[in-house]
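Q: Could you take me through one part of this model closely, and show me how that part sits in its surroundings? I would like to follow along with the sequence and the structure open beside me.

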Amino acid sequence: MDGIRVGKRIVGTQSPVTIGWENIPKVEGGTFKRLFFTWFQPAVLFGMIAFWYYAPNSIAKFSTAIGIGIGFRIFLQILEFVNPRHKSWQITWKELATDLFYVGISATCVQLVENYIGSDAIIEALQSTFDFDKFAWFTGLPLLVQALLSLFIFDLGQYWMHRGMHNWYPLWLPHSVHHYITQLNVHKGAVGNPLELFLIGLGIGGLFDFLPRAFLLAGAISMSIGAYQHINVRFDSPRWWRFLFNTTEHHSLHHSQDFESTRSNYSNWFIVIDRMFGTCIDGEAELLGMEGGRRMSIREQMLYPFTEGWKAWKERGVREPMFGDHPTAVPAE
Amino acid sequence: MTSLSASGMETFPAPAETPAILRLMQRIWHIRGEVPLPADLATDEAFARLDPLFAHAGTVHARMGDVVLVTKRDQLAQDPLSVVDSGTLRIEPGEQGPTLRYHLVSRALLYCFLAPLLFLAISQLTVFLGTLDKPTPEEIAKEKAKKDKQGEIKLNPIDKFLGAPAPEKPKDEKKDAKDKKKGDDEENEGFSPITAYVFAGIFAALYVLGRLLEPWLIRRLFQRTLTG
């Protein structure tokens, strides 16, 4: 495969990718369908902001947010049947059961561990050790500024953590298994090793003191932007949306079987962060995964980082030192 | 009749040899069924039609007379038999002509059946860790002070102008006493077993769905494939 030049890099030499918005297929169907799949994402985002901004205190609660989140996921699952992006990504019973297992483990076991060693626990320990209060001034900012700023700062941290995962072997090991997914579906974001889910959840958001409403607003905005990263629905997202936010297209490229394409689009919500650091590629891919699209079982996903890590550790003694007499290939970024 | 054997392949005793109680338990993750062959379809032709079903990645199959043994590993999501890990397909004479009888084993169904137990165990572990991590009186007082402080925070003038509701004022002592029980639950919010209970329920429902849907899909697949 010849590949396509994007800036200084050539992508699509190992697996087909589509580059450029003008080359990406559009939603097919009647006027209503096309309008729906163009404006659904912005309508949900602005609807959510309005709801959480004005909802009375009796409704603006964490339990309401959980209810909306579950309902939204179920609705997106239905949309996968109504307007799938690729037939080769269609959800099956086994795939749904597998995905929900990871969601369940993330929502229970990973959360349990985070009580002890998550970022909030670390920040609390830091505060009690050094006796510094949270950034109290933060709560005096307008609600939307609090929400957006905290999301942006969190995503900036995620961007570098994610980029680090693709560049440093010890971090790549727990993340690598997530790249074995061969299709995108609404719950695929949770598929991976629990260690990675824990690492990617680390952030400095806990340093800031939020108003509860700003926290709920941030949650609603992240849901309304981030739910589409792993989803099998074709949207005609407006141009400004694609410029600002991470889309299925961006993230499918990140999961492509083409190595060079996977080294792009690292951010979680704000693709502008990738644009800032020169790692954004606008395009999409259908063939996803690693090792030619081999599907990894749950058992292997759970063990792989540790077995591969052990193998690498054992090989350290016999490996030639880096930058020795023989030239070694260094991955370019 | 004893089981057929082929190197590296799991085989099963003929249905008549399996004890009734084991057969009942096996219904959890074994899929048995039969599909009558279309008239005038010879055994060789029937297996030839079924052959593409075994051409998916990770599938190994071997034919021994009127029986095909199948094993699968790391099945791709779009493999129409992705829930199957191993099994046998036989063509036997029936009352209304030759019939394809299949006996397939699905670990996915078994694990889905067991998943509610796993999540129930996680819920109990969560409760147990919660009892070990009960907040101290100082921590409770600190949390209360934090909540009181939140009530004192004033909205930014822009939010006030736009009409956003102000943060809740701290509750009075009487109301606090009323909500004591509720408060006790909230104090240990990081150790709530509810999520694990919900997932136990989800997997119980998923199992019922899969147990009904997958055998139906497999039967339909064989029927359609055999009729060409």
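A: Happy to; what follows is a close look at helix α3 of chain B, working outward to the chain, the contact and the core.

Please keep in mind that this is a predicted model.

Let's start with the chain that holds the helix. Chain B has 228 residues, of which 21% are buried. Its secondary structure amounts to 8 helices and 5 strands, and from the N terminus the order is α-β-α-β-β-β-β-α-α-α-α-α-α. Taking the contacts in chain B between residues at least 6 apart in sequence, 62% join residues at least 24 apart.

Now to the helix. With 26 residues, α3(B) reaches 36 Å from its first C-alpha to its last, which is close to the 38 Å expected at 1.5 Å a residue. There is still a kink to look for along the way: about 35 degrees, at B:L114, shortly before the proline B:P116.

If you colour the helix by burial, B:A108, B:L109, B:C112, B:A115, B:P116, B:F119, B:I122, B:S123 and B:T126 come up as buried. The proline that follows the kink, B:P116, is thus one of the buried residues. And what lies over them? The cover for the buried residues of α3(B) includes α3 (93–117) of chain A together with α8 of chain B.

That brings us to the contact between the chains, to which chain B brings 34 residues and chain A brings 31 residues. On the side of chain B that touches chain A, the elements giving two or more residues are α3 (107–132), α5 (157–162) and α8 (194–226). Of these, α8(B) gives the most, with 9 residues. Sorted by class, this side of chain B has 21 nonpolar, 9 polar and 4 charged residues.

The helix also has a place in the nonpolar interior. In general, nonpolar side chains in soluble globular proteins tend to be buried together. Here, the largest nonpolar core has 78 residues, and those touching the most other members are A:L143, A:A147, A:L217, A:I221, B:L100, B:C112 and B:F203. You have met B:C112 already, among the buried residues of α3(B). Within chain B, this core draws at least three residues from each of domain 1 (15–107 + 209–226) and domain 2 (112–202). From the chain A side, A:L217 is a good residue to click on: leaving aside its neighbours within four places in sequence, A:L217 is in contact with A:I49, A:W52, A:Y53, A:L143, A:L144 and A:A147. There is also a second, separate core of 8 residues, which includes A:F37, A:W89, A:L184 and A:I231.

As for the partner chain as a whole, chain A comes to 13 helices and 4 strands, and buried residues make up 38% of its 333 residues.

One last stop, away from the helix, is a loop of chain B. B:D40 lies between β1 (30–36) and α2 (43–50) of chain B, and its phi is near 65 degrees, a positive value in a residue other than glycine. B:D40 counts as exposed because it has 7 C-beta neighbours inside 10 Å, where 12 or fewer is the limit for exposed.

Methods:
Residues numbered from 1 in each chain as written. Chains lettered and ligands numbered in written order. Predicted model: local features only at pLDDT ≥ 70, side-chain atom pairs only at ≥ 80, totals over all residues. Contact = placed C-beta atoms within 7 Å. Nonpolar A, V, L, I, M, F, W, Y, C, P; charged D, E, K, R; others polar. Buried ≥ 20, exposed ≤ 12 C-beta atoms within 10 Å, placed from the backbone. Core = buried A, V, L, I, M, F, W, Y, C linked by C-beta atoms within 7 Å. Domains from an automatic or database assignment. Expected span 1.5 Å × (residues − 1). Bend = angle between axes of the 7 residues up to and from the residue.
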